[in-house]
Amino acid sequence: LSRLIKRAPGSGFDLGDAVELTHLSMEKTFEGDGSLDVDGGEVVTIYGGTGRQNDPDEIPLSEIIDKINKRFGTNITETDRLFTDQVADDLVADPQVQVEAAANDETSFGVGFDKNWMKALTGRLTANEDFGYSLLDNDELRAALLEEYRPDIFRRARVARQRTCPIGELVGPDREVRFLEYKSTMRWDVRKGEKAKYLEDAVVKTIAGFANSPYGCTLLVGVTDDGEIHGLEDDYATFSKRGERGDRDLWGQHLKNLLDRLGKAAATLVDWEFHTINGGEIARISVDPSDHPVHETKGDQQIFWWRTPVSTDIVDDEDERNLIITRRWGA
């Protein structure tokens with residue numbers, strides 16, 4: 001974004017690097033006092049006390065936002081948080097705020113902090129307003145930004161729709177795309193008439209590739225490649241405890257066990273629900289994009305799967321894998 005604005009004629013903007021804040025931590029850093037002394041024109045920080053007391057506990061900002069919403073009856077979202085992140089970044093970059101932070105403990109730093117925050121908030125409001133008007137007035141700048149954002153918005157919106165739309169929208173011939181895949185079963189080989197481990201492997205591989213995708217994706221199990229309903233009955237029949245527990249419960253538990261190969265954190269990205277179409281049950285598995293590279297553990301191997309427009313491929317070349325990971329998640 002900053003590169004676009006810098007080179008767009010007449011924009012008048014120069015944005016620095018954006019840093020997304022994902023956690024906020026609060027800690028008591030020093031006991032004692034902190035002050036500033038001026039020695040020959042140089043600011044000298046004088047500390048007193050015993051130093052760091054302990055390592056801070058990180059608090060996810062999503063948890064903080066939830067607490068604020070409950071307390072004040074607001075509806076602040078993760079998207080709204082980006083604005084307050086901008087204000088926080090402006091404060092961090094302010095030399096005066098840096099000096100105050102260096103010279104004080106956290107409690108002392110908080111004295112008068114509201115004044116600093118309001119100043120940064122007002123400045124950010126003005127900057128964002130000016131930027132918004134420049135987008136309205138500068139056709140060339142707006143066109144350049146839209147060209148960058150349109151593919152991302154299209155893909156994210158399409159995947160978001162797949163998670164909540166009526167299931168019938170996703171089933172049919174020629175509807176499999178990069179963000180949607182069909183599998184007839186999770187563990188039953190229809191042609192051979194037996195359980196097949198390679199089918200389970202294929203499900204795990206696909207989910208791992210979806211998680212490594214920037215957008216996540218949707219997997220429908222119980223649907224053939226040509227969009228016909230096959231159903232989950234063949235899978236259900238493979239469970240020995242079928243009479244003791246419900247079919248869906250057994251199927252879901254087995255999927256959960258398979259996801260252990262991806263690690264607990266990656267497994268939390270996966271959700272599923274069951275639907276009945278034309279008398280056959282299918283499972284809609286929704287996969288959120290991961291904020292870290294997801295690897296499948298098989299024996300002593302760590303396998304990285306990458307989703308392409310036509311398939312999910314293993315990336316076993318270390319240099320290539322590192323390039324993909326850097327491009328996807330950064331250094």
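Trainee: What makes Ile 68, Phe 72 and Ile 76 a nonpolar patch on the surface of this predicted model?

Mentor: A patch takes residues with over 30% relative accessible area, and nonpolar side chains are joined within 5 Å. Ile 68, Phe 72 and Ile 76 form such a patch, with about 260 Å² of accessible area together.

Trainee: Where is Ile 68, and how do you know whether it is buried or exposed?

Mentor: Ile 68 is in helix H2, residues 61–72. Its relative accessible area is 33%. Buried means under 20% and exposed means over 50%. The value falls in between, so Ile 68 is partly exposed.

Trainee: Also in H2, why is the contact of Lys 70 with Asp 66 called a salt bridge?

Mentor: The rule asks for a Lys or Arg side-chain nitrogen within 4 Å of a carboxyl oxygen of Asp or Glu. The closest N and O atoms of Lys 70 and Asp 66 are 3.2 Å apart, so the pair qualifies. Both residues lie in H2, four residues apart, about one turn of the helix.

Trainee: How accessible are Lys 70 and Asp 66?

Mentor: Lys 70 reaches 67%, over the 50% limit, so it counts as exposed. Asp 66 has 36%, between the two limits, and is therefore partly exposed.

Trainee: How many salt bridges does this rule give?

Mentor: The count comes to 20. In one of them, the side chains of Asp 90 and Arg 124 meet at 2.9 Å, N to O. That pair links distant parts of the chain: Asp 90 is in helix H3, Arg 124 is in helix H6, and they are 34 residues apart.

Trainee: What do the accessibilities say about Asp 90 and Arg 124?

Mentor: Asp 90 has 28%, which lies between 20% and 50%, so it is partly exposed. Arg 124 has 15%, under 20%, and therefore counts as buried. Other buried residues of H6 include Asn 116, Ala 120 and Phe 131.

Trainee: How do you know that the span of H6 agrees with its number of residues?

Mentor: At 1.5 Å a residue, its 25 residues should span 36 Å. The end C-alpha atoms are 36 Å apart, so the span agrees. For H3, residues 78–93, the expected span is 22 Å and the end C-alpha atoms are 23 Å apart, which agrees too. Arg 81, Asp 85, Val 87 and Leu 91 are buried in H3.

Trainee: What makes Arg 161 and Glu 169 a salt bridge?

Mentor: Their closest N and O atoms are 2.5 Å apart, within the 4 Å limit, so they count. Arg 161, at 43%, is partly exposed. Glu 169, at 40%, is partly exposed. Elsewhere, salt bridges that share partners join Lys 197, Asp 201, Arg 261, Glu 296 and Lys 298 into one network.

Trainee: Which residues gather in a patch of negative charge on the surface?

Mentor: They are Asp 316, Asp 317, Glu 318, Asp 319 and Glu 320. Asp 319 is found in helix H12, residues 318–329. Its 57% is over 50%, so Asp 319 counts as exposed.

Trainee: Why is phi worth checking at Asp 174 and Asn 278?

Mentor: Most residues other than glycine have a negative phi. Phi of Asp 174 is near 60°, a positive value. Phi of Asn 278 is near 50°, also positive.

Trainee: Where do Asp 174 and Asn 278 lie, and are they buried or exposed?

Mentor: Asp 174 lies in the loop between helix H7 and strand E5. At 81%, Asp 174 is over the 50% limit and so is exposed. Asn 278 sits in the loop between strands E9 and E10. Its 76% is also over 50%, so Asn 278 is exposed.

How values were computed:
Residues are numbered from 1 along each chain as its sequence is written. This is a predicted model: local features need pLDDT of at least 70, side-chain atom pairs count only at pLDDT 80 or more; totals for chains, interfaces and linings use all residues. Side-chain values use heavy atoms; hydrogens and water are left out. Helices (H or I, at least four residues) and strands (E, at least two) are DSSP runs, numbered from the N terminus. The expected span of a helix is 1.5 Å times one less than its number of residues. Buried means under 20% relative accessible area, exposed over 50%, partly exposed in between (1.4 Å probe, protein chains only). Patches are made of residues with over 30% relative accessible area and no salt bridge: like charges are joined within 9 Å, nonpolar side chains (Val, Leu, Ile, Met, Phe, Trp, Tyr) within 5 Å. Accessible areas come from the Shrake-Rupley method with a 1.4 Å probe; for residues, only the protein chains shown count as cover. Lys and Arg count as positive and Asp and Glu as negative; His and the chain ends are not counted. The place of a charge is taken as NZ of Lys, CZ of Arg, CG of Asp or CD of Glu.
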